[in-house]
Every structure is written in structure tokens, then in C-alpha cells.
Protein chains: 2
Amino acid sequence: MNALDQSFAALADPTRRAIIARLAEGEATVQDLARPFSISQPAISRHLKVLEEAGLIETRIKGTARPRRLKPDAVEALWDWLGQYRALWETQFQKLDAVLDGLSDEAGQAPSGNPERSTS
Amino acid sequence: MNALDQSFAALADPTRRAIIARLAEGEATVQDLARPFSISQPAISRHLKVLEEAGLIETRIKGTARPRRLKPDAVEALWDWLGQYRALWETQFQKLDAVLDGLSDEAGQAPSGNPERSTS
DNA sequence: TTGCTATATAATCTGTGCATTATATAATGG
DNA sequence: CCATTATATAATGCACAGATTATATAGCAA
């Protein structure tokens, strides 16, 4: 499981996204997190472990407590991956393909030797 | 399972991200996708179903083929969610918290070497 | 019709995720 | 040392993810 796998998988759980949202306001301990989520303490600890193994949060030690915080730069890889496709995702490339295919279907042939997509 | 759940979960699989990468170049059929990934055709169909149910891709019908393409605006919700926290994620808020706690801790005891370790 | 191609669906197996309760570990205070 | 607090880990059950093979459906073509 690579980093992107782990990051995306970690964020696929709504409880874990809620934990992220809470940590965006500042550090929180397991107790802090277990209370509002009405979920057992071991379950929270496990979610935190998943988030930490994904590199999204980090832990420090303060007495018996283990306050978690967002790990700087953790979201960059995700941001970059999405950003890489975001522009394409929104463009009309796909629609252009559809139009060309539609033309060649309905007209019986493609005009001037361009039957397939042109991506560049 | 809400939309973000499905989108993040869909992108947590490397095969599905590779499918997205391929579709960013243009439409592709199940055959087109099954070939380079050396994975069975039913497996590809299932991955495509997951991506489509997550709202990330869409299907059109062309004869017996069902070419898939990226669905416009599909990535916006993910982008927005990440963007919502991205700034905070990178800031020194967390470090400030740590420094303050560290000060109050160390005020009463001598730090022998490294008082705080991070778990892993 | 018959048959070929493209895709979807069913059945099945295996692994993993997420929850619980019970228990172990670690730091702190009396 | 002992008790308390904070957290982690173990054992377990259950549901779902992802792969395969086998089969069904749908369009096209001879």
C-alpha cells in the first residue's frame, strides 16, 4: 500500500474526516475526540493509528496524554494528484471525443483522416 | 455512504487511479483498460462501476462498446474538502500549541536530552 | 438464424476494515 | 507502592472489497 493509497483510504471514512476537521482547530487527545463522536476509545485510537500511518497526523507525548495534530505537508501529495487531473477533468476533451465519434458514426466515415481522438 | 466517502474510497485503489490517469487522455473502453492492466475484464468492469457510482466517470453507449470518460466537475467536492484544510494543515498553529505546552512542561522539570519523542 | 464481440452479472473465495469488550501498558499523584 | 488516568493492544464478529471463473445479455455482421 503506497502513500496515496493510504491517504485516500484514510479520508474515505467520515469519522476520520471529522477527526481531521477537529484537529484543524488545534491539538486534541483521544479523550477529546472520543467524547463528541460517541464511539469507543479503542475505536478512536485505531482511527488515529490509520491517520498517522497515512502520514496525515502526528503525535507528541505530554505526560500520559498523546495529543495529535495535523502533520504539515501531509496533504500535498493528495492535492498534487487531484490538481494533476483537475484541469482535464473539467475540460471539453471528453465532449470533443464524443462529437467526433458521433460524426463518424452518423456520417458513415470520419472526415479527412481523423477518426480518433486528438489529445495534443 | 456519502459522496465524499465514495470518492475517496474509489481513489484509494491504485488500479482505479490508473484508470483515471488513462481516462485523462481520452475515452477508453473496458477492453482498452483491461489490456495494459493485466487484470480480468470483470474486474475492470467492477472498478468502473465503483468509479461511476462515486460520480467520477460517466458512460456513453456506442454500439456494443461502453466508452468511459471523466465526468466534469466530479473532482470539485474533493478539491474543496482538501482546500478547506490545506492552509491550516501547513500553518504553524500546531507548532505554536506544542511550544506553549512544552514551555509549561519544562518549567518544572529538567529536560534530559529529548523529553518528547514522536511515536511511529 | 448463427456466431462473434463487448460488456455485465453471478457465484465464490480470500483478505481486510471497523466495531465491540476485555486487558495491558505507561505516566502521575498521594 | 498503589490507585488513577490516558492510551494502546488483543481477541473476536461481521460486513464489505477485490479477485477469479463461468455465464448471461446486447449489438453487429455474415
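## Residues around DNA strand C

A residue is near a molecule or strand if one of its heavy atoms lies within 4 Å of it. In this predicted model, 20 residues surround DNA strand C, and those that come nearest are A:Ser40, A:His47, B:Gln31, B:Ser45 and B:Arg68. By class, this surface has nine polar, six nonpolar and five charged residues. Here Ala, Val, Leu, Ile, Met, Phe, Trp, Tyr, Cys and Pro count as nonpolar, Asp, Glu, Lys and Arg as charged, and the others, Gly among them, as polar.

At least two residues each come from α4 (41–53) of chain A and from α3 (30–37) and α4 (41–53) of chain B. α4(B) gives the most, with four residues. Helices are DSSP runs (H or I, at least four residues), numbered from the N terminus.

## Atoms facing the strand

Of the strand C atoms within 4 Å of the protein, 70% belong to sugar or phosphate and the rest to bases. A backbone N or O atom of B:Gln31 lies 3.0 Å from a phosphate oxygen. The side chain of B:Gln41 has an N or O atom 2.8 Å from a base nitrogen.

## The nonpolar core

The largest nonpolar core (buried Ala, Val, Leu, Ile, Met, Phe, Trp, Tyr and Cys residues joined through side-chain atoms within 4.5 Å) has 55 residues. Buried means under 20% relative accessible area (1.4 Å probe, protein chains only). A:Ile20, A:Leu56, B:Trp81 and B:Trp89 touch the most other members. The largest share, six residues, comes from helix α5 (residues 76–90) of chain B.

## Numbering and limits

Residues are numbered from 1 along each chain as its sequence is written, and chains are lettered from A and ligands numbered from 1 in the order in which they are written. Local features need pLDDT of at least 70 and side-chain atom pairs count only at pLDDT 80 or more, while totals for chains, interfaces and linings use all residues; side-chain values use heavy atoms, leaving out hydrogens and water.

Notes: Buried means under 20% relative accessible area, exposed over 50%, partly exposed in between (1.4 Å probe, protein chains only). A polar contact is a pair of N or O atoms within 3.5 Å; within protein, one must be able to donate a hydrogen and the other to accept it, and residues adjacent in sequence count only if both atoms are side-chain atoms.
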